[in-house]
Amino acid sequence: MVSTAYELGEKYRVVVVMMTEGALGQMMEPVTLPEFQEPKRNYWGFDGKYSYKKIGIFDRDSKKEAVELNKKYAEIKANEQRWEEEGIEDADYVFVAYGVPGRSTLGAIRELRAEGHKVGLIRPITAWPFPEKAFEHINKNVKGIITVEANATGQLVDDAALFTKKVLRADIPVYALPFVYGVPPIREIKAKFAQILAGEIKEVY
C-alpha cells in the first residue's frame with residue numbers, strides 16, 4: 001500500500017493520502033514488502049535554492065493553474081477511490097473503520113454475522129479521495145452506519161455521515177464509537193453495538 005501511494009503521487013504530482021497503517025512494527029501476520037526503490041530527483045522538488053519557477057506568485061498564470069488543478073483533482077476523485085467492503089449489500093448496520101481499528105472491526109462483524117446479525121464493513125484505503133462510491137453498494141434499507149475510530153471524539157463519522165446522506169437517505173442515523181486508548185478489541189466493538197441496538201448510544205447525525 002505504501003508503494004501504491006508513492007506511485008499515485010508520482011502519477012498525479014499531488015499527494016494521494018492512503019490509509020497506510022502506521023503500526024508496521026506491531027504486525028503479527030507474514031508480510032511481503034516491495035523491493036526498495038531508490039528515490040529519484042524530480043524537477044518540481046525543492047532544492048534549497050528557490051530555483052523552481054512555481055515558488056514565485058507574480059510570474060505565474062494562477063487562474064490557468066487552478067483550472068488544471070481542479071481537472072486533476074476531479075480525475076483523482078473519479079479514478080482513485082479505494083476501499084475494502086464486506087457484507088454491505090444486505091446489512092442492517094454498516095460499520096466504517098480504517099487502519100488498525102478496521103482490522104478488529106472486521107473480526108467483530110464476522111462474529112456478529114455468525115451470531116445472526118446482518119452487519120457489514122466499509123474499510124477506506126484512501127482518506128482522500130474519500131471512497132464515497134462504496135456507499136452506493138450499501139443496502140438501501142440499512143438501519144444505521146457506525147464508525148469505529150481510534151480517537152476521543154469521532155472524526156471519520158463526519159465523512160461517513162456526509163456520504164450516507166448524500167448517496168443513500170438523509171434519515172439514516174450515523175453513530176460513532178471512538179476508542180481513545182489503543183486498538184478497540186472485538187469484544188468491546190460488539191458490546192457497543194449491543195448498546196446501539198438497545199438505544200443506549202445515540203446517533204451523532
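A salt bridge here is a side-chain nitrogen of Lys or Arg within 4 Å of a carboxyl oxygen of Asp or Glu. By that rule, the count for this predicted model comes to 9 salt bridges.

**View 1. The whole chain, helices and strands together.** The chain has 5 helices and 7 strands. Reading along the sequence, you get the pattern α-β-α-β-β-α-β-β-β-α-β-α. Of its 205 residues, 38% count as buried. Take the contacts between residues at least 6 apart in sequence: 78% of them join residues at least 24 apart. About 12,800 Å² is exposed, and carbon and sulfur atoms supply 54% of that.

**View 2. Inside the largest nonpolar core.** This core holds 20 residues, and those touching the most other members are Val-94, Val-96, Ile-122, Phe-135, Ile-138, Val-142 and Ile-145. Strand S3 (93-96), helix H4 (156-168) and strand S7 (174-178) each chip in at least two residues. H4 gives the most, with 6 residues. Zoom in on Val-94: leaving out residues up to four places away in sequence, Val-94 touches Ile-88, Gly-120, Ile-122, Ile-138, Val-142, Gly-144, Ile-145 and Ile-146. There's also a second, separate core of 17 residues, with Phe-95, Ala-97, Leu-112 and Phe-193 among them.

**View 3. Glu-132 meets Lys-77.** The closest N and O atoms of this salt bridge are 3.5 Å apart. Glu-132 sits in the loop between strand S5 (126-128) and strand S6 (144-149), while Lys-77 belongs to helix H2 (residues 62-79), so the pair ties together parts 55 residues apart in sequence. Glu-132 counts as buried at 12% relative accessibility, whereas Lys-77 is partly exposed at 40%. Lys-166 joins in too: Lys-77, Glu-132 and Lys-166 are linked in a network of salt bridges.

**View 4. Glu-80 pairs with Arg-82.** In this salt bridge, the closest N and O atoms are 3.0 Å apart. Buried or exposed, where does Glu-80 fall? Glu-80 is buried, with a relative accessible area of just 4%. Arg-82, at 28% relative accessibility, counts as partly exposed.

**View 5. Glu-111 reaches Lys-190.** Here the closest N and O atoms of the salt bridge are 2.9 Å apart. Glu-111 comes from helix H3 (residues 99-114) and Lys-190 from helix H5 (residues 186-197), so this pair ties together parts 79 residues apart in sequence. Glu-111 is the partly exposed partner, with a relative accessible area of 35%. Lys-190 counts as buried at 19%, because the cut-off for buried is under 20% relative accessible area.

Definitions and conventions: Residues are numbered from 1 along each chain as its sequence is written. This is a predicted model: local features need pLDDT of at least 70, side-chain atom pairs count only at pLDDT 80 or more; totals for chains, interfaces and linings use all residues. Side-chain values use heavy atoms; hydrogens and water are left out. Helices (H or I, at least four residues) and strands (E, at least two) are DSSP runs, numbered from the N terminus. Buried means under 20% relative accessible area, exposed over 50%, partly exposed in between (1.4 Å probe, protein chains only). Contact means heavy atoms within 4.5 Å. Accessible areas come from the Shrake-Rupley method with a 1.4 Å probe; for residues, only the protein chains shown count as cover. A nonpolar core is a set of buried Ala, Val, Leu, Ile, Met, Phe, Trp, Tyr and Cys residues joined through side-chain atoms within 4.5 Å.
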